[in-house]
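This report looks at how helices, sheets and charged side chains are arranged in one protein chain. The account follows the structure shown here.

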Amino acid sequence: MSKKSWLFTSESVSEGHPDKVCDRISDSILDAFLAEEPEARVACETLATTDHVTIAGEVRGPNSVMQQVEEIARAAIRDIGYEQKGFSWRNCAVNNLLHEQSADIAQGVDQGNKGEEGAGDQGIMFGYACNETPELMPAPILLAHRILRLMAEDRKSGVQPGFGPDAKSQVTLRYEDGAPVGVDTVVVSTQHGEEFSTEEVREMVRPYVARVLPEGWSVPEARLIVNPTGRFVIGGPDGDAGLTGRKIIVDTYGGAALHGGGAFSGKDPTKVDRSAAYAARYLAKNVVAAGLADKCQIQLAYAIGVPEPVAIYVDTMGTGRADEAKLSETLRAMVRLTPRGIREHLQLLRPIYTRTSAYGHFGRTPDDDGGFSWEKTDLADDLANAFGLERMVG
């Protein structure tokens, strides 16, 4: 292929993937704390394996929630759909090792100046947006998520009970002149009932792939790969151990953009690993929605205990219609990028995180209760006006 033509691949995993089971439990516990005390501090990690879940980390919040941790974990596993030999919500062991947040960390976060708290950790966070889909997301990761989400919806509703909870998808698209123009390969591996053959599972999967593809696109028959290892009956934490935060590329942009390395799930929004990554996506999406760039990547950098980001870097990747230095200054003036400023602007102190734990944190529709608030494009008009442009997207 020429430099103007290439293939790009992204993968997704279902809510029943072992790592996503752990993300779901961690975020469910976080939501329980925030529902009782919006200022609670939570850093919750989960490990899952055969017939066992261990929950660890640091919290500062109501003791009443601590007493509910096992119940919350079992409810999450039940909702995902695990009631199988080797891993069931009914009888897996749940070990709760959560404990009080470190006083040293609390001091760094709480004792800010001018009413601001410091960042909960040092680190770098990236946000990204591009105009190749209406959601301003890279197309491969969006399609990979949608395949699995549709499969999960039909599994849980009873429309397609042959699927098990554990699944992975992978979508490879052809690009020409920077835009996706067709499908090269789709790979889906899904847990299934033991009564189904590999060919039967392939036919069960086929319509879900067809449903998500843009009009006029189709997968070459030889490039639709379903359960390439054959039988996939044993799945979930019984088949492979899971950990919170081990699917960070699935959670973000499918490898189409940089990642700072920090995971999201189980962390309250004082942790900039989460809140600043949301803020960076919000800013990048509004830049693209305003028509100031076809692609935008934003980096934020923080020091633990320091409220303001130590740096902000805007990269329009050669597609910009505005000076990047001025764009950086304008964005910083529009949104206060301290942990408190981000939380207040995006209204993050709400129990809105369980729903983020599968099928991506980005490219989702904002909810009426404030969920996915970082997907709004409410800055786009002001950004376009600031640079003398008419808004081009949305």
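## Sheets, helices and side-chain pairs

Helix H9, which comprises residues 324-334, lies across strands S12 and S13, and its direction makes an angle of about 130° with that of S13. The model in which this packing is seen is a predicted one. The strands beneath that description belong to an open sheet of three strands, ordered S7-S12-S13 and paired in the antiparallel sense. At its edges stand S7 (123-130) and S13 (311-315), each of which pairs on one side only. Neighbouring strands in this sheet are turned against each other by 15° on average, if direction is ignored. Between S7 and S12 (residues 295-302), which run antiparallel, there are eight bridges, and at one place in this pairing Cys130 stands opposite Lys295 of S12.

A further open sheet has four strands in the order S6-S3-S2-S11, and its pairing is mixed. Strands S6 (93-100) and S11 (242-243) are the edge strands here, each having a single partner strand, so one side of each is left without a neighbour in the sheet. Within the sheet, S2 (residues 41-49) and S3 (residues 52-60) are paired antiparallel over nine bridges, and Thr46 has Ile55 in S3 as its bridge partner. Helix H1 lies across S2, S3, S6 and S11, running at about 150° to S2, while helix H3 (residues 69-80) lies across S3 and S6 and runs at about 130° to S6.

How far apart are the end C-alpha atoms of helix H8, and what span should its 18 residues have? The helix covers residues 272-289 and, at 1.5 Å a residue, should span 26 Å; its end C-alpha atoms are 24 Å apart, which agrees with that expectation. As for its surroundings, 18 of the 18 residues of H8 are buried, so the helix is largely enclosed by the rest of the structure. Just after H8, Gly291 takes a positive phi of about 85°.

Side chains of opposite charge can pair when their charged atoms come close. With a cut-off of 4 Å between a side-chain nitrogen of Lys or Arg and a carboxyl oxygen of Asp or Glu, the count of salt bridges comes to 32. Three of the pairs are set out in the table, with the distance between nitrogen and oxygen and the relative accessible area of each partner.

| Salt bridge | N to O distance | Relative accessible area, acidic partner | Relative accessible area, basic partner |
|---|---|---|---|
| Asp27 and Arg274 | 2.9 Å | Asp27, 0% | Arg274, 1% |
| Glu117 and Arg343 | 3.1 Å | Glu117, 6% | Arg343, 3% |
| Glu221 and Arg206 | 2.9 Å | Glu221, 47% | Arg206, 26% |

The salt bridge of Asp27 with Arg274 has its closest N and O atoms 2.9 Å apart. This pair links distant parts of the chain, since Asp27 is in helix H1 (residues 18-36) and Arg274 in helix H8, 247 residues apart. Asp27 counts as buried at 0% relative accessibility, and Arg274 is buried too, with 1%.

The side chains of Arg343 and Glu117 likewise meet in a salt bridge, at 3.1 Å from N to O. Arg343 lies in helix H10 (residues 339-346) and Glu117 in the loop between helix H4 (103-110) and S7, so the pair ties together parts that are 226 residues apart in sequence. Arg343 is buried, and so is Glu117.

For Glu221 and Arg206, where the closest N and O atoms are 2.9 Å apart, the setting is as follows. Glu221 lies in the loop between helix H6 (198-212) and strand S10 (224-226), and Arg206 lies in H6, so this pair ties together parts that are 15 residues apart in sequence. Glu221 counts as partly exposed, and Arg206 also counts as partly exposed. Elsewhere, salt bridges that share partners join Glu116, Glu117, Arg336, Arg340, Arg343 and Glu344 into one network.

How many disulfides does a search of the whole structure find? The search finds zero. The sulfur of Cys92 is 11 Å from the closest cysteine sulfur, which belongs to Cys22, and this is too far for a bond; Cys92 is buried, with a relative accessible area of 1%. Cys296 is in no disulfide either, the nearest cysteine sulfur being that of Cys130, 11 Å away, and Cys296 counts as buried at 0% relative accessibility.

Technical notes: Residues are numbered from 1 along each chain as its sequence is written. This is a predicted model: local features need pLDDT of at least 70, side-chain atom pairs count only at pLDDT 80 or more; totals for chains, interfaces and linings use all residues. Side-chain values use heavy atoms; hydrogens and water are left out. Helices (H or I, at least four residues) and strands (E, at least two) are DSSP runs, numbered from the N terminus. The expected span of a helix is 1.5 Å times one less than its number of residues. Buried means under 20% relative accessible area, exposed over 50%, partly exposed in between (1.4 Å probe, protein chains only). Two strands pair if DSSP finds at least two bridges between them. Axes are lines fitted to C-alpha atoms, for helices over the stretch in contact, and angles run from 0 to 180 degrees between N-to-C directions. Contact means heavy atoms within 4.5 Å. A disulfide is a pair of cysteine sulfur atoms within 2.5 Å.
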